[in-house]
Amino acid sequence: MGARITVVEDEEALGVLLRYNLEAEGYDVDVIGRGDEADLRLKEGVPDLLLLDWMLPGLSGVELCRRLRTRPETERLPIIMLTARGEESERVRGLSVGADDYVVKPFSTPELMARVRAMLRRVKPERISSQLVAGDLDLDRETHRVRRAGREVKLGPTEFRLLEFLMQSPGRVFSREQLLDGVWGRDIYVDERTVDVHVGRLRKAINRGRQRDPIRTVRGAGYSLDENFTAAAKPAAQRAEAS
């Protein structure tokens, strides 16, 4: 079961983006748009991590953070504060009321996901896996190594992130724009055709001889990690070992 993350964010579009990317990483996500509502909901149940906006209707993120730190059940809840306030004095204020980390908007989505993973790995190591497995593909997030059927696959950093992103949601089709947001980040301009180039490089690296291509191209839609690859690859590998 993935870690439970509560997002308190009143910008609907940003809330949707955060839910999408966090669920793609395998987390169970709850998005709340008001500070006072979040205050009530967090009394009913405590998540594994809280992403908290600074400016909220009903109750500010700073005040909610302060309140959470006074309650025994949430005094150790990991909190990452999201805010457009980048001044040093404001960062100090956010940290002084109990936030564990501070991310200034606009932020890089891959960077935020990395911060979430790092915090969960530190405080809830049992709730996040360092390895992703799909068929005969194994990806290790900690060592940044990829193996296919025991063979080490050499990947550049972008191809590694692209494979990691696809392996997190087998069968899910991602448009080129979604891949750009998830792998490169919203604040970096990259032409959509660049995605095709890197998918081509990834395919060349992971496929050898007659090995089945795990990446499916969906015409007019984008790319996905073929969900049938996971089921088909293991029996094939077992037959190879038997021979």
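A residue counts as buried when its relative accessible area is under 20%, and as exposed when that area is over 50%, with partly exposed in between. The structure described here is a predicted model. By that definition aspartate 39, with a relative accessible area of 5%, is buried.

**The chain as a whole**

Secondary structure in the chain comes to 9 helices and 11 strands. The chain has 243 residues, and 47% of them count as buried. Where contacts join residues at least 6 apart in sequence, 58% of these contacts are between residues at least 24 apart. About 12,400 Å² of the chain is exposed, with 47% of that area supplied by carbon and sulfur atoms. The structure contains 23 salt bridges.

**Salt bridges around aspartate 39**

Three of the salt bridges are listed here with their N to O distances.

| Residue pair | N to O distance |
|---|---|
| Aspartate 39 and arginine 67 | 3.0 Å |
| Aspartate 39 and arginine 71 | 2.5 Å |
| Arginine 67 and glutamate 63 | 3.1 Å |

The closest N and O atoms of aspartate 39 and arginine 67 are 3.0 Å apart. Aspartate 39 belongs to helix α2 (residues 35-44) and arginine 67 to helix α3 (residues 61-70), so this salt bridge ties together parts of the chain that are 28 residues apart in sequence. The two partners differ in burial: aspartate 39 is buried at 5%, whereas arginine 67, at 30% relative accessibility, is partly exposed.

Aspartate 39 also forms a salt bridge with arginine 71, at 2.5 Å from N to O. This pair again links distant parts of the chain, since arginine 71 sits in the loop between α3 and β4 (79-83), 32 residues from aspartate 39 in helix α2. Here both aspartate 39 and arginine 71 are buried.

The third pair lies within one helix. Arginine 67 and glutamate 63 form a salt bridge with an N to O distance of 3.1 Å. Both belong to helix α3 and are 4 residues apart, so about one helical turn separates them. Glutamate 63 is partly exposed, its relative accessibility being 23%. Through shared partners, salt bridges join Asp39, Glu63, Arg66, Arg67 and Arg71 into one network.

**Helices α6 and α8**

The angle between the axes of two packed helices and the distance between those axes describe their arrangement. For helix α6 (residues 157-167) and helix α8 (residues 193-206), the axes come within 10 Å and cross at roughly 85 degrees. An angle of 65 to 115 degrees counts as roughly perpendicular, so α6 is roughly perpendicular to α8.

On the α6 side of the contact are Thr158, Glu159, Leu162 and Leu163, which meet His198, Val199, Arg201 and Leu202 in α8. By residue class, the contact of α6 with α8 comprises 4 nonpolar, 2 polar and 2 charged residues.

**Leucine 155**

Leucine 155 is located in the loop between β9 (151-153) and α6. With a relative accessible area of 23%, leucine 155 is partly exposed. Apart from neighbours within four places in sequence, leucine 155 contacts Val146, Phe160, Leu163, Leu202 and Ala205. Two of these partners, Leu163 and Leu202, also appear in the contact between α6 and α8. Alanine 205 is 50 residues from leucine 155 in sequence, yet their C-alpha atoms are 6.9 Å apart in space.

Definitions and conventions
Residues numbered from 1 in each chain as written. Predicted model: local features only at pLDDT ≥ 70, side-chain atom pairs only at ≥ 80, totals over all residues. Heavy atoms only, no water. Helix = DSSP H or I, 4+ residues; strand = E, 2+ residues; numbered from the N terminus. Buried < 20%, exposed > 50% of the residue type's maximum accessible area, 1.4 Å probe, protein only. Contact = heavy atoms within 4.5 Å. Areas by Shrake-Rupley, 256 points an atom, 1.4 Å probe, with all protein chains shown as cover. Salt bridge = Lys/Arg side-chain N within 4 Å of Asp/Glu carboxyl O. Axes fitted to C-alpha atoms, helices over the stretch in contact; angles between N-to-C directions. Parallel < 35°, antiparallel > 145°, perpendicular 65-115°, else oblique. Nonpolar A, V, L, I, M, F, W, Y, C, P; charged D, E, K, R; others polar.
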